[in-house]
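Reader: Please take one part of this structure and walk me through it closely. I am a first-year student, and short steps suit me best.

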Amino acid sequence: MRVGIAGVGFMGSTHAAAWAETDARIVGFIAETVEEAQPIAQQYGAKVYADYAALLDEVDVVDICTPTHLHVPMILEAAAKGKHIICEKPLALNVEDALKAVRACRQAGVHLFVAHVVRFFPEYALAKQIIDQRQIGRIATLRLLRGSYRPKKPVGNWFLDESKSGGILMDLMIHDLDYARWVAGDVESVFARKVSAVHQGSPVDYGLVVLKHRNGAISHVAGAWAYPPPTFRTRFELSGDQGMIEFDSQATSPIESLIIRPHSEAPDVGLPSSPVRESPYTTEIKEFYTALKEGKTPRVTAEDGLAAVQIAAAAVQSAHSGQVVYLESLGEGLQ
């Protein structure tokens, strides 16, 4: 299978390394400039394409790792050419565009998978398995935390432009919003607060989101762009009527210095680490690749990506309005 990768930033290079662990062939890359894509293309013996249309003409599947606001136009173009698509999260910045992307792929008969990689981290996958087996009874409350430093780029930091990234609620916290829905089921209402909605221009951001699930469970999701690089920490506490599951990424760190320094070797975007031999990003790409080859359903579908956007967009709306947002069924929009 011939693969093209759009975007050569940190996620593009991470996905390329994952594809290299499969028997698929990375045909080429596209970036904002040809010069930007040359090093990674040479690394994988691939070609640099001058434009997206040319890349699509020579691949079977495109892996979209570009800034979020570019996702939907690129999905629509790929679907029109009959290409399968893997798209970094979030699928889109709003529900209307996400619906448009999912419908286009359905009508074109192509697969669309959204890279919600947290589902592939072993501690999160194991917790989901334990809950599905009813080892802690009926799920009742979820507490999830994801904290990192504010994304940094030497120029053009689109992460800090909410019209392009969706901000902390859409870009960072959508990971745990998706996981909460995966574990506890569909969401009925969303209430959110974030620092940047109250103090515009703040050099850090922190968000809190409360989800009420349709089965009565409650999720409390926290996210931070407030730590010094290269810190990235995650934590969860999942409780049922017969027990609970806890995880803390810092539990194995006896001491840690959180000191902000003027210069850091940390990547532009913080990524959680995993102690397992195979990167969860590789596990994710392998599962998507198997789904494409064998027609199997992976643990993240286009509809999951759509639902995550709906929850995150509701959180953004709530944070700015101060009101609870109630979610409508998306079933009719997919017809």
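Author: Start with β1, helix α1 (residues 10-19) and β2, which make a right-handed β-α-β unit. Right-handed has a rule: with the strands pointing away from the viewer, the path from the first strand over the helix to the second runs clockwise. Helices (H or I, at least four residues) and strands (E, at least two) are DSSP runs, numbered from the N terminus.

A word on the source. This is a predicted model, where local features need pLDDT of at least 70 and side-chain atom pairs count only at pLDDT 80 or more, while totals for chains, interfaces and linings use all residues. Residues are numbered from 1 along each chain as its sequence is written, and side-chain values use heavy atoms, with hydrogens and water left out.

Now follow the chain onward. β2, helix α2 (residues 34-43) and β3 make another right-handed β-α-β unit. Later, β4, helix α4 (residues 71-80) and β5 are arranged as a right-handed β-α-β unit too.

These strands belong to one sheet. It is open, has six strands, and its order is β3-β2-β1-β4-β5-β6. The pairing is parallel. Two strands count as paired if DSSP finds at least two bridges between them. In general, strands of a sheet pair through backbone hydrogen bonds, either parallel or antiparallel.

Look at the edges of this sheet. β3 (47-48) and β6 (112-115) stand there, each with a single partner strand. One side of each is therefore left without a neighbour in the sheet.

Step inward from β3. Its partner is β2 (residues 25-30), and two bridges join the pair. G28 in β2 has K47 in β3 as its bridge partner. β2 is mostly covered, as five of its six residues are buried. Buried means under 20% relative accessible area, exposed means over 50%, and partly exposed lies in between (1.4 Å probe, protein chains only).

Next comes β1. It pairs with β2 in the parallel sense over five bridges. I5 is a good residue to find here. On one side, I5 stands opposite F29 in β2. I5 also stands opposite D63 in β4. β1 (residues 2-6) and β4 run parallel, joined by four bridges.

Stay on β4 (residues 61-64). V61 and D63 point one way from the strand. V62 and I64 point the other way. All of these residues are buried. D63 has a partner in the next strand as well: it stands opposite I86 in β5. Four bridges join β4 to β5 (residues 84-88), and these strands run parallel.

β5 also brings us to C87. The structure holds zero disulfides (a disulfide is a pair of cysteine sulfur atoms within 2.5 Å). C87 is in no disulfide, and the nearest cysteine sulfur, that of C65, is 8.2 Å away. With a relative accessible area of 0%, C87 counts as buried. C105 is in no disulfide either; for C105 the nearest cysteine sulfur is that of C87, 9.3 Å away. C105 has 3% relative accessibility, so it counts as buried.

C105 leads on to V110. V110 sits in the loop between α5 (95-108) and β6. Its relative accessible area is 10%, so V110 is buried. What does V110 touch, leaving aside its neighbours within four places in sequence? Its contacts (heavy atoms within 4.5 Å) are A79, G82, K83, H84, I85 and C105. K81 makes a useful distance check. V110 and K81 are 29 residues apart along the chain, and their C-alpha atoms are separated by 9.6 Å.

Finally, step back to the whole protein. It has twelve helices and 13 strands. Buried residues make up 52% of its 335 residues. Among contacts with a separation of 6 or more, residues 24 or more positions apart account for 70%. The C-alpha trace spans about 50 × 50 × 40 Å along the principal axes. A compact globule with 335 residues would have a radius of gyration near 20 Å, and the protein has 19 Å, which agrees. That radius is taken over C-alpha atoms, and the globule rule is 2.2 Å times the number of residues to the power 0.38.
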